[in-house]
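User: Please walk through this protein with me in questions and answers. Keep it brisk.

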Amino acid sequence: MTLSVFDLYSIGIGPSSSHTVGPMRAAALFVAALQEAGELDRVCRVRTELFGSLGATGRGHGSDRAVLLGLMGEDPETVDIALALTVLDRSRESGTLHLGGRHTVSLDVDQDVVLRRGVYLPGHSNGMRFTAYGNGGEDDVLTEGTYYSVGGGFVVDEAALEADRLVEDTTQVPYPFTTGEELLDICLRHDLRVSDVVLANELTWRPEQEVRDYLLRVWAVMQECVDAGCRTEGVLPGGLQVGRRAPGMARRLRAMADDPSIGPSDWANLYALAVNEENAGGGRVVTAPTNGAAGIIPSVLHYYTRWWHDDSHGSEDDAVVRVLLTAAAIGMLCKMNASISGAEVGCQGEVGSASAMAAAGLCEVMGGTPQQVENAAEIGIEHNLGLTCDPIGGLVQIPCIERNAMGSIKAINAVRLALHGDGEHFVSLDQVLRTMADTGRDMHEKYKETSLGGLAVNVTEC
């Protein structure tokens, strides 16, 4: 099994990679399957059922909107944000849906997009079932499709789920690794940085310029997201009446630019808040490795480019590419050996993974050895172990937005700790990943993105 940086970083919309981006992609896959089977023009109605965590928190995460967009043929990277925010109202008003963007079917949103709260499919807590009907009504089932959103926008069907959740890629890369130990061994034997290893593997699929262009586009979207978050005033949707804080914080930090009490960490907090407020508002973000943790890598990258980059690190673009390549290596290990899904292992898999990824990338461009990079990543995960996913009202607002700011600061501090050492440390990255997987299995379901425990039940919604 081989992953690519193109898998780890995808451009989409908020508020959730697993609950918004994943369902949109799954719905589009179902329509594509209908078209390939020659059944699309026979369809008169499609019913979507969302199970498990999707059923529990799908309204707050926009899963209902997402499946309609996917059935319409929209893509998370290019969908018009205005359409994404209004598709439910438009569909209710029209009573129809343009399947695949071209074939019109009838639609009753409340009957045809069903959230099965408390009901789980066997494969994963983020399960979906799509059923296409012909003109014979409920008894005229043309086809069914079951899909799982397994974190970070990744979607698999039942066949792929049986193959350990990811479609097997048999491509032979020059430096295959599935553990941190293997990655470190490659770096030491071949005198390579972590980013060198990841780039060499990427070149199996694409020219270097294409990889570089994509990662710089990812960085551009991250910057646009921070800028939008710092400019956009108002209250986040969903009913909690959570006000956007980033614009006011940005104004205060600019006004206090000469105040010695203001430092880089204040700005890192701002960058993370800005991204995750955009995400919570349904804006365009980079899944890195999930939407719920989308603010951490942009925050750390902004922190680095604003406060620490100089000519000794090469060009800024080169440094950014190295950060993202190195971070991707850690994200791959997290996904292969634990999980990046809050619905599967809690927020330790989202904010924990993102914090480790950001720490690894920053450590490399700050001059860290591969051993120090591995140490920084390990610290980033170790000190997020056991972190639950308990969003109030099923919305990625409380505690998710502030949690990204905290994850960013943890990543930065992990690098500072690692760079003060020589790379030798007691707990390895592989050990802490195994611990994260074990902790996730032992964690009660109510703490895994169901809004049935923790802050979600102990804080009264207003």
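The turns below cover a predicted model, from its domains to single residues.

User: Which domains does the assignment give, and how far apart are their C-alpha centres?

Analyst: The domain assignment gives domain 1 (19-150) and domain 2 (180-458). Their contact takes 19 residues from domain 1 and 20 residues from domain 2. The C-alpha centres of the two domains lie apart by 31 Å.

User: Where does the largest nonpolar core lie relative to the two domains?

Analyst: This core has 84 residues. Val 5, Tyr 9, Leu 215, Met 222, Ile 297, Leu 324 and Met 332 have the most contacts inside it. Domain 1 (19-150) and domain 2 (180-458) both give residues to the core, so it lies between them.

User: Which helix gives the largest share of this core?

Analyst: The largest share is 14 residues. They come from residues 316-337, which form helix 14.

User: Which residues does Tyr 9 touch, leaving out those up to four places away in sequence?

Analyst: Tyr 9 is among the residues with the most contacts inside the largest core. Beyond four places in sequence, its contacts are Tyr 214, Leu 215, Val 218, Val 286, Thr 287, Ala 288, Ile 297, Leu 324, Ala 327, Ala 328 and Met 357.

User: How many residues are in the second, separate core?

Analyst: Leu 34, Leu 40, Ala 84 and Leu 88 are included in this second core. Its total is 36 residues.

User: What is the strand order of the open sheet?

Analyst: The sheet has five strands with mixed pairing. Strand 5 (113-116) and strand 8 (154-157) are the edges, since each pairs on one side only. From one strand to the next, the twist averages 25 degrees. The order is 5-2-6-7-8.

User: How many bridges join strand 6 to strand 7?

Analyst: Strand 6 (residues 127-133) and strand 7 (residues 141-151) run antiparallel. Thr 131 stands opposite Glu 144 in strand 7. The number of bridges joining the two strands is seven.

User: Which residue takes a positive phi in the hairpin of strand 7 and strand 8?

Analyst: These two strands run antiparallel and are joined by four bridges. Ser 149 has Val 155 in strand 8 as its bridge partner. The hairpin has two residues between the strands, and the positive phi, near 70 degrees, belongs to Gly 152.

User: At about what angle does helix 2 run to strand 7?

Analyst: Helix 2 (residues 17-36) lies across strand 2 (45-51), strand 6, strand 7 and strand 8. Its angle to strand 7 is about 150 degrees.

User: Are helix 10 and helix 12 roughly parallel or roughly perpendicular?

Analyst: The axes of helix 10 (residues 208-231) and helix 12 (residues 264-280) come within 8 Å. Cys 225, Val 226, Ala 228, Gly 229 and Cys 230 in helix 10 meet helix 12 residues including Leu 270, Tyr 271 and Ala 274. The axes cross at roughly 85 degrees. Angles of 65 to 115 degrees count as roughly perpendicular, so the two helices are roughly perpendicular.

User: Is Thr 146 buried or exposed?

Analyst: Thr 146 sits in strand 7. Leaving out residues up to four places away, it touches Leu 121, Met 128, Arg 129, Asp 157 and Glu 158. Its relative accessible area is 14%. Buried means under 20%, so Thr 146 is buried.

User: Is Ser 125 buried or exposed?

Analyst: Ser 125 is in the loop between strand 5 and strand 6. Beyond four places in sequence, its contacts include Phe 51, Tyr 120, Ala 343 and Glu 344. Its relative accessibility is 10%, so Ser 125 counts as buried.

Conventions. Residues are numbered from 1 along each chain as its sequence is written. This is a predicted model: local features need pLDDT of at least 70, side-chain atom pairs count only at pLDDT 80 or more; totals for chains, interfaces and linings use all residues. Side-chain values use heavy atoms; hydrogens and water are left out. A nonpolar core is a set of buried Ala, Val, Leu, Ile, Met, Phe, Trp, Tyr and Cys residues joined through side-chain atoms within 4.5 Å. Buried means under 20% relative accessible area, exposed over 50%, partly exposed in between (1.4 Å probe, protein chains only). Domain bounds come from an automatic or database domain assignment. Contact means heavy atoms within 4.5 Å. Two strands pair if DSSP finds at least two bridges between them. Axes are lines fitted to C-alpha atoms, for helices over the stretch in contact, and angles run from 0 to 180 degrees between N-to-C directions. Angles under 35 degrees count as roughly parallel, over 145 as roughly antiparallel, 65 to 115 as roughly perpendicular and the rest as oblique.
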